[in-house]
Amino acid sequence: MTAAAASVGVPVPPPPGRVGRVGRTLRHYLPAVVVFVAGIGLWELLIRIFEVRAFILPAPSAIAAALVDNWGAGRWPLFQSAQTTLFEAVGGLVIGTLVGVVIAFAVARWANARDAVLPFAVAANAIPIIAIAPIFNAWFGVTNPVSKMMIAALLVFFPVMINVTRGLTAVEPAAVELMRSYAASEWTILRKLRLPNALPFFLTALKVATTLSLIGAIVGEYFGGSSTVIGRVVVQSASALRFDVTWAAILLAAITGITFYLVIVALERILIPWHASVRGEEPG
Amino acid sequence: MSDSTAAVVRVIGLDKQFGSRDGPVTTALTGIDLTIGRGEFVSLIGPSGCGKSTLLRLIGDLTSPTAGSVEVNGKPAHAARLGREYGMVFQAPVLFEWRSVEDNVKLPLELLDMSRSDRDERAREMLALVELSDFARHHPYQLSGGMQQRVAIARALALQPAILLMDEPFGALDEMTRERMNAEVLRIWQRTGTTVVFVTHSIPEAVFLSTRVVVMSARPGRITRIVDVPLPQPRNDETREDPGYFRVVTEVREALRADGGLGGEPPLVGSEERLAAEGGIG
């Protein structure tokens, strides 16, 4: 380190040791783990003490048993159902994201496009998804997974479009001037400034979109289609009063959603390690 | 070398007005004439709203004049910008947070389609110049404000521009860091021989750095005086204690005050109109 650098008081922390980091991570998550385990224990205990009937609330042990028993076989094969639902959700995420990004580029580039598209985008976002789901099922075929994808896509496209538009347009004016002082073209400014600037906005939208796409897919499933999907398992097991299976399906949907979300979080750490949102997530 | 070939900046009869067809028109600058020679360090100083930043942006072709012309290196400012003859430093460092320090310095070189090895070498040189070689792979958020501004200077100098335009580059820094940055800029200026136009509202900063200080008046912005700074080079901390330094600081301060910042009458420009008006009445 040079003398000049040292004199400025460089705020560069040394990289933390591996062991120290693992220790801090454990300590960070410990309270949540304790609350989780205690909560499950209490739940189990209360069900047994008060002999709560299973259709009101099954015990955690019963839900776990239902999950294991129905994992791969039987009337409600949970794993296969979750797979199909995830497939629909991912399909919807991809379609909704593509449409959202394309519209965002147009809207960010041309004011005319903004005026032409934005009212309809807002209107599309205002439609209650539950009202449009049966119509999409009719349009794209109730047994065709594409109908579920389109419902998920409708939910996904709006946050993606809004966030990417903001990312492309909310650049520092001085940064644009800097690029102009180098006689950079609009295309170069897009490539070197607007796109990297929009990346954190895009990933934030994707995190929201993962959850939304699962909601969209499951809502679509409620209105008919293949029976080996989470939405149908929930409806059918509930009407058969097998609430242990219903809860197992909900649990699996939640785990799928969380995993999906964590994939995007991991992607953030790889793609934008420099961004404040990622830096701030360091535990400790 | 004759005086005309040595001029890097030639501003003639420059007017700049803001405002639209229906809105009121604000005259930001009027009747600006200014010639800056090669290797000069010229500060623009004046009260806020005097258009000093606007003048800098006009020289850099980031905005266009209402009347008059700006030539840089004998070309219209627009051609000079397309020829990438400018280095800009703003009040904020404006570093791209997704790029490492060295990649920020390489940004203008990428726009020039310079080969990768040349880019690497130039970035190394520039970071050595601002004494940040050890921080090449850091990201901007890991640097202090002063260091970030040094990266911005390295980036601005990477293209070896004909002229370096600095718009209150140290306005956001504390006084200590600012003085250190002033010394740093002088050192870089002497090593590179770059022509510098420097906007500031600090009188000591302007005098310490400059070969000439251009004093401007409030709206509409005009040049009221150009003060030569005959202090010897290289300048250092002792310069700040030199009686000659205080004399020039006083001279600039009085030029600013005479301009009417404290309610006095405009002494130079405008006296003709006033006489004409009085003549008209009488």
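In this predicted model, B:Arg10 of chain B faces B:Thr35, a residue of strand S2(B). The pair belongs to an antiparallel match between S1(B) and S2(B) that extends over eight bridges. On strand S1 (residues 7–18) of chain B there is a second antiparallel partner, strand S4 (residues 67–72) of chain B, joined to S1(B) by five bridges. Two positions show the register of that second pairing. B:Val9 stands opposite B:Val72 in S4(B), and B:Ile12 stands opposite B:Ser69 in S4(B).

These pairings are part of an open sheet of four strands in chain B, ordered S2-S1-S4-S5 and paired antiparallel. The edge positions are taken by strand S2 (26–37) and strand S5 (75–76) of chain B; each has a single partner strand, so one side of each has no neighbour in the sheet. Helix H2 (residues 52–59) of chain B lies across S1, S2 and S4 of chain B, and its direction is at about 120° to that of S1(B).

Chain B as a whole contains 10 helices and 10 strands. Its length is 282 residues, of which 45% count as buried. Among contacts in chain B with a separation of 6 or more, 69% are between residues 24 or more positions apart.

Chain B also touches chain A. The contact takes 27 residues from chain B and 24 residues from chain A. On the chain A side, the elements that give two or more residues are helix H1 (3–7), H8 and H9 of chain A. H8(A) gives the most, with six residues. Sorted by class, this side of chain A has 16 nonpolar, four polar and four charged residues.

Which residues of helix H8 (residues 173–181) of chain A are buried? They are A:Leu178, A:Met179 and A:Ser181. Viewed down the axis of H8(A), the buried residues fall within an arc of 160°, so they line one face of the helix. What do the buried residues of H8(A) pack against? Within chain A, their partner is helix H9 (186–222), and in chain B the partners are helix H3 (77–82) and strand S6 (86–89). After H8(A) comes A:Ala183, which has a positive phi, near 55°.

The domain assignment of chain A gives two entries, domain 1 (2–50) and domain 2 (71–279). The C-alpha centres of domain 1 and domain 2 of chain A lie 30 Å apart.

A last position to look at in chain A is A:Val99, which is located in helix H4 (residues 78–109) of chain A. Is A:Val99 buried, exposed or partly exposed? A residue counts as buried if 20 or more other C-beta atoms lie within 10 Å of its own, and as exposed if 12 or fewer do. A:Val99 has 18 other C-beta atoms within 10 Å, so A:Val99 is partly exposed. With neighbours within four places in sequence left aside, A:Val99 is in contact with A:Ala153 and A:Phe157. An α-helix has 3.6 residues a turn, so residues three or four places apart point the same way. A:Ala126 gives another reference point: A:Val99 and A:Ala126 are 27 residues apart in sequence, and their C-alpha atoms are 17 Å apart in space.

Technical notes. Residues are numbered from 1 along each chain as its sequence is written. Chains are lettered from A and ligands numbered from 1 in the order in which they are written. This is a predicted model: local features need pLDDT of at least 70, side-chain atom pairs count only at pLDDT 80 or more; totals for chains, interfaces and linings use all residues. The arc is that of the directions from the helix axis to the C-beta atoms. Two residues are in contact if their C-beta atoms, placed from the backbone, lie within 7 Å. Domain bounds come from an automatic or database domain assignment. Ala, Val, Leu, Ile, Met, Phe, Trp, Tyr, Cys and Pro count as nonpolar, Asp, Glu, Lys and Arg as charged, and the others, Gly among them, as polar. Two strands pair if DSSP finds at least two bridges between them. Axes are lines fitted to C-alpha atoms, for helices over the stretch in contact, and angles run from 0 to 180 degrees between N-to-C directions.
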